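Me: I have a structure open here, and I would like to understand what justifies the words that are used to describe it. Could we go through them one at a time?

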Amino acid sequence: MAGKQAPGAQRWVPDRVTPQRLRAGVDQCRGCELYENATHGVPGRGPRDAPLMVVGEQPGDQEDKAGEAFVGPAGKLLDRALAAAGIDPESVYRTNAVKHFRWERGRRGNRLHKGPTRTHVAACGPWLVAELDMVQPQGVVLLGATAAQSVYGSDFRITESRGVRLDWPDEIRGSSVVQPPDWALATMHPSAVLRSRQREDDLARLVEDLERAAGLLIP
Ligand code: URA
Ligand code: SF4
């Protein structure tokens, strides 16, 4: 897309969101240029009445090919961490701040993850709002800076506000959610745990944060 204009996803968001319409809408979305080099638009997955929503950054290589969120290595680690925190991964709605895979060609011809820009996150925001309206979770766990900033804006620092209960803001990017979650909690992204040199320590902290989130859920 010349000049990288990003009209935003709103035009593609159906009035009444169902999982089927979400999948079709995300796949057809032209709200920014990221659809051009991706295989699928990847919607969230999980029960539509899930008490907990987990938001990551963007689909990875495997998610792009499968059209399903969190099915690759980061997703496997996330599910392990959720289970270790006493949360059934299948009870969680798992999604991403951005719905198409952004990547660049590596030296060996492989596709290398390239994080989305603020423009992409802003353009894709209406899909996250649509998912929040559909699922109406009690609480939201934000994995990594991109997800956290998609809700709290670009001044949000995970290092300062990690692992604590945060009030849900009145608006995210100018849109209010029909039935806002009670809280959000930001933590490290499982991909960062996978890359970390203190992997076991970071995994333990991720599990601790997820335990805290589990403790905030009202049964
Ligand atoms: N990382 C993410 O943030 N989301 C996925 O779906 C996979 C990897
Ligand atoms: Fe639409 Fe989001 Fe995909 Fe951009 S990344 S085309 S806004 S679904």
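Me: How do you know how the residues lining the largest cavity divide into nonpolar, polar and charged?
Reply: The classes are fixed by residue type: Ala, Val, Leu, Ile, Met, Phe, Trp, Tyr, Cys and Pro count as nonpolar, Asp, Glu, Lys and Arg as charged, and the others, Gly among them, as polar. In this predicted model, the lining of the largest cavity consists of Val26, Cys29, Gly31, Cys32, Leu34, Tyr35, Lys99, His100, His120, Ala123, Cys124 and Trp127, and sorting them gives eight nonpolar, three polar and one charged.

Me: Before we go on, which conventions stand behind the names and values?
Reply: Residues are numbered from 1 along each chain as its sequence is written, while chains are lettered from A and ligands numbered from 1 in the order in which they are written. Because this is a predicted model, local features need pLDDT of at least 70 and side-chain atom pairs count only at pLDDT 80 or more, whereas totals for chains, interfaces and linings use all residues, and side-chain values use heavy atoms, with hydrogens and water left out.

Me: What makes a space a cavity, and what makes it a pocket?
Reply: On a 1 Å grid over the protein atoms alone, a cavity is a set of points where a 1.4 Å probe fits but cannot get out, whereas a pocket is an open set with protein on both sides within 12 Å along at least five of seven lines; lining residues are those with an atom within 4 Å of a point. By this rule there are two cavities of 30 Å³ or more. The largest cavity holds about 90 Å³ of space, and the second largest has a volume of about 30 Å³, where a volume is the space filled by probe spheres set on grid points that are joined across faces, edges and corners.

Me: Which helix gives the most to the lining of the largest cavity?
Reply: That is helix α4, residues 118–135, with four residues; a helix here is a DSSP run of H or I with at least four residues, a strand is a run of E with at least two, and both are numbered from the N terminus. Helix α4 also gives the most to the lining of the second largest cavity, with three residues. That second lining is made of Ala97, Val121, Gly125, Leu128, Ser150, Ile172 and Arg173.

Me: Where does ligand 2 sit, and which residues surround it?
Reply: Ligand 2 sits in the largest cavity, a statement that requires more than half of its atoms to lie within 2 Å of the cavity's grid points. A residue counts as near the ligand if one of its heavy atoms lies within 4 Å of it, and those around ligand 2 include Ala9, Cys29, Lys99 and Trp127. By class, this shell has seven nonpolar, two polar and one charged residues.

Me: What is the volume of the largest pocket, and which helix supplies the largest share of its lining?
Reply: The largest pocket has a volume of about 650 Å³. Of the 28 residues that line it, Ala74, His189, Ser191, Ala192 and Arg195 are the closest to its centre. The largest share of this lining, four residues, comes from α7, and by class the lining residues divide into 10 nonpolar, 12 polar and six charged.

Me: Why is Ala186 called buried, and why is Gln136 called partly exposed?
Reply: Buried means under 20% relative accessible area, exposed means over 50%, and partly exposed is in between, using a 1.4 Å probe and protein chains only. Ala186 has a relative accessible area of 0%, so it is buried; this residue is found in strand β7, residues 183–187. Gln136 has 38%, so it is partly exposed, and Gln136 lies in the loop between α4 and β5.

Me: Is Phe70 buried or exposed?
Reply: Phe70 has a relative accessible area of 5%, so it is buried, and it is found in the loop between α2 and α3. Its phi is near 55 degrees, a positive value in a residue other than glycine.

Me: Why is the chain called as compact as a globular protein of its length?
Reply: The chain comes to eight helices and seven strands. The radius of gyration is taken over C-alpha atoms, and the globule rule is 2.2 Å times the number of residues to the power 0.38. The chain's radius of gyration is 16 Å, close to the 17 Å that the rule gives for 219 residues, so the chain is as compact as a globular protein of that length.
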